[in-house]
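Visitor: I'm new to this one and would like to learn how to read helix packing and aromatic pairs. Could you walk me through it?

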Amino acid sequence: MKKKYAISLFVFFVAFFAQLSGYAQDRQPFYAAMAAKDAGIIDKQLEVVRKSSSAEKTALEGALLMRKAGVVGGAGRKLKLFKEGKSKLEEAISKDGNNAEYRFLRLMIQENAPGIVNYSGDIDEDKEFIRKHHKKLPTAVQSAVASYARNSKVLRPEDL
C-alpha cells in the first residue's frame, strides 16, 4: 500500500512540475496517465505515445505498459504487460544509457515493482547515475526527482 501511495505521490508531483516548466509541457498527459489507476486513461496515452515520432517513444511506452500492468486484472496479463514494458524501457536505456530521465523512470519502477517480477538489479547504479546527473536534468525532472526522493527508500534528498 505504501508503494502505491509513493508512486501516486511521485506522479502527482511530476505532473504538477511539468505544467510549470516549458520542458515536458507535452509530458503532462504522460505523467497523468502514469498516475492513473484506470487502464482506459493509460491506454489513451499509450495510443498518443505510439503515434508520436518522439525520440523518447520507446521509453515512455515501456513505462506506461509497466504502469498498466499494475492496474489490470489477471496475473498472466499483468506479467505479459510488465515484461513487454520492461523490454521497451531496457531497449531505450541500452540505446541511450546517458539519459538520466530514463534511468529515473527505471529506478522508480524497480523500487516499486513487486518482488515476484525480479526487476531490481539496477537500483544502485541508477541511483548513482541520477545523483551525478541530477543538476543536468530539465528543471521539471529535477523537481520530480527531488519530490520522489522525499518518499523513496533508495534515493534520498541528501543524495541530490
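Guide: Happy to. Keep in mind that this is a predicted model. Let's start with two helices, H6 and H8, which are roughly parallel to each other.

Visitor: How is a pair of packed helices described?

Guide: Two numbers do the job: the angle between the axes and the distance between the axes. Here, H6 covers residues 100–112 and H8 covers residues 139–149; their axes come within 11 Å and cross at roughly 20 degrees. Angles under 35 degrees count as roughly parallel, so that label fits H6 and H8.

Visitor: What is the handedness of the crossing where H6 passes H8?

Guide: That crossing is left-handed.

Visitor: Which residues make the contact between H6 and H8?

Guide: From H6, look for Glu101, Phe104, Leu107, Met108, Glu111 and Asn112; H8 brings in Val141, Ala144, Val145 and Tyr148. Sorted by character, the residues of this contact come to seven nonpolar, one polar and two charged.

Visitor: And how do I read aromatic pairs?

Guide: Again with two values: the distance of the ring centres and the angle of the planes. The count for this model is two aromatic pairs. One of them is Phe82 with Tyr119, at 5.7 Å centre to centre and with 85 degrees between the planes, an edge-to-face pair.

Visitor: Where do Phe82 and Tyr119 lie?

Guide: Phe82 is in helix H5 (residues 75–95), while Tyr119 is in the loop between H6 and helix H7 (123–133), so the pair ties together parts 37 residues apart in sequence. Both Phe82 and Tyr119 are buried.

Visitor: What about the pair formed by Phe104 and Tyr148?

Guide: Phe104 and Tyr148 are also edge-to-face, at 5.8 Å centre to centre and 80 degrees between the planes. This pair links distant parts of the chain, with Phe104 in helix H6 and Tyr148 in helix H8, 44 residues apart. You met both residues in the contact between those helices.

Visitor: Are Phe104 and Tyr148 buried or exposed?

Guide: Buried means under 20% relative accessible area. Phe104 has 2%, so Phe104 is buried, and Tyr148 at 2% counts as buried too.

Visitor: Let's go back to Tyr119. What is Tyr119 in contact with, leaving aside its neighbours within four places in sequence?

Guide: Its contacts are Met66, Phe82, Lys86, Leu89, Glu90, Arg106, Ile109, Gln110 and Ala113. Take Arg106: Tyr119 is 13 residues from Arg106 in sequence, and their C-alpha atoms are 9.4 Å apart in space. The relative accessible area of Tyr119 is 5%, so Tyr119 is buried.

Terms used
Residues are numbered from 1 along each chain as its sequence is written. This is a predicted model: local features need pLDDT of at least 70, side-chain atom pairs count only at pLDDT 80 or more; totals for chains, interfaces and linings use all residues. Side-chain values use heavy atoms; hydrogens and water are left out. Axes are lines fitted to C-alpha atoms, for helices over the stretch in contact, and angles run from 0 to 180 degrees between N-to-C directions. Helices (H or I, at least four residues) and strands (E, at least two) are DSSP runs, numbered from the N terminus. Angles under 35 degrees count as roughly parallel, over 145 as roughly antiparallel, 65 to 115 as roughly perpendicular and the rest as oblique. A crossing is left-handed if the near helix is turned anticlockwise from the far one by less than a right angle, and right-handed if clockwise. Contact means heavy atoms within 4.5 Å. Ala, Val, Leu, Ile, Met, Phe, Trp, Tyr, Cys and Pro count as nonpolar, Asp, Glu, Lys and Arg as charged, and the others, Gly among them, as polar. Rings of Phe, Tyr and Trp (its six-membered ring) pair if their centres lie within 6.5 Å; planes under 30 degrees apart count as stacked, over 60 as edge-to-face and the rest as tilted. Buried means under 20% relative accessible area, exposed over 50%, partly exposed in between (1.4 Å probe, protein chains only).
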